[in-house]
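Dear colleague,

I am passing on to you the structure that we spoke about, and below it you will find some notes on what turned up in it. Please have the model open while you read, so that you can look up each residue as it is named.

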Amino acid sequence: MPEIRPVDKANWRALIKLDVHEAQKEFVASNLYSIAESQFGFDFEGHWDYLAFGIYDNDTPVGFLMYGLNLAHPARQAFITRLMVDEKFQGQGFGRFGMEKMLEIFRTDARVKEVGISYEPENDVARKLYANCGFAETGAMIGDEVLAVLKLR
Ligand SMILES: CC(C)(COP(=O)(O)OP(=O)(O)OC[C@H]1O[C@@H](n2cnc3c(N)ncnc32)[C@H](O)[C@@H]1OP(=O)(O)O)[C@@H](O)C(=O)NCCC(=O)NCCS
């Protein structure tokens with residue numbers, strides 16, 4: 001059974017070894033970068049705490065995800081900032097599992113009204129996956145990425 005586990009002092013070294021296909025590298029930061037970023041969060045329209053997790057298949061690390069929370073934000077209080085599945089484990093449902101796990105966490109928190117995500121317009125696999133999870137493109141861009149949102153309540 002897949003599961004997600006918070007990044008901690010025991011597992012971060014294994015998680016930074018996960019990598020995507022060469023052609024996908026422009027779509028996602030390295031896990032090393034993301035784990036560094038998660039130590040500090042991000043300041044944009046208030047402060048976003050970043051929460052980072054490994055995706056596991058039994059005890060095998062297969063992917064990584066990270067989301068931001070800014071419960072005081074007027075529009076969207078959660079933002080999915082990273083999702084990757086190692087090249088060796090793609091196409092087996094782990095990306096979808098990671099998305100559903102994050103949405104489950106957000107759904108149980110009444111303070112999260114809307115969730116955001118952004119992606120490169122040419123990232124067809126991600127675009128389709130997020131649309132299947134209920135995300136709708138807003139027409140707005142964040143830098144060179146498309147912004148999509150999911151209204152939870
Ligand atoms: C996007 C990503 C996380 C998806 O993870 P994954 O474990 O391979 O995806 P899943 O096996 O859960 O499949 C999710 C959906 O994508 C489809 N899919 C997966 N790989 C595909 C491929 N190479 N080509 C076409 N469709 C694909 C699946 O059919 C599935 O569709 P469904 O929900 O209609 O059944 C993974 O491809 C990845 O790490 N990509 C590089 C990093 C990246 O782009 N991250 C997102 C940044 S915004």
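In this predicted model, a polar backbone atom of Arg 96 lies 2.8 Å from an oxygen atom of the ligand, and a polar backbone atom of Gly 93 is 2.7 Å from an oxygen atom of the ligand. Gly 91 takes part as well, with a backbone N or O atom 2.8 Å from an oxygen atom of the ligand. On its own the ligand has 920 Å² of accessible area, and the protein covers 72% of this.

As for the surroundings, the ligand takes up the space of the largest pocket, and among the 22 residues around the ligand those that come nearest are Leu 83, Gly 93, Gly 95, Arg 96 and Asn 123. Sorted by class, this shell consists of 11 nonpolar, nine polar and two charged residues. At least two residues of the shell come from each of β5 (78-85), α3 (94-107), β6 (114-119) and α4 (124-132), and it is α4 that gives the most, with five residues.

A separate point concerns the aromatic rings, for which a search of the whole structure finds six pairs. One of them is formed by Trp 48 and Phe 79, whose ring centres are 6.4 Å apart and whose planes stand at 80°, so the pair is edge-to-face, given that planes over 60 degrees apart count as such. This pair links distant parts of the chain, since Trp 48 belongs to strand β3 (residues 47-57) and Phe 79 to strand β5, with their positions 31 residues apart in numbering.

With best wishes

Technical notes:
Residues are numbered from 1 along each chain as its sequence is written. This is a predicted model: local features need pLDDT of at least 70, side-chain atom pairs count only at pLDDT 80 or more; totals for chains, interfaces and linings use all residues. Side-chain values use heavy atoms; hydrogens and water are left out. A residue is near a molecule or strand if one of its heavy atoms lies within 4 Å of it. A polar contact is a pair of N or O atoms within 3.5 Å; within protein, one must be able to donate a hydrogen and the other to accept it, and residues adjacent in sequence count only if both atoms are side-chain atoms. Accessible areas come from the Shrake-Rupley method with a 1.4 Å probe; for residues, only the protein chains shown count as cover. On a 1 Å grid over the protein atoms alone, a cavity is a set of points where a 1.4 Å probe fits but cannot get out, and a pocket is an open set with protein on both sides within 12 Å along at least five of seven lines; lining residues have an atom within 4 Å of a point. A molecule sits in a cavity or pocket if more than half of its atoms lie within 2 Å of its grid points. Helices (H or I, at least four residues) and strands (E, at least two) are DSSP runs, numbered from the N terminus. Ala, Val, Leu, Ile, Met, Phe, Trp, Tyr, Cys and Pro count as nonpolar, Asp, Glu, Lys and Arg as charged, and the others, Gly among them, as polar. Rings of Phe, Tyr and Trp (its six-membered ring) pair if their centres lie within 6.5 Å; planes under 30 degrees apart count as stacked, over 60 as edge-to-face and the rest as tilted.
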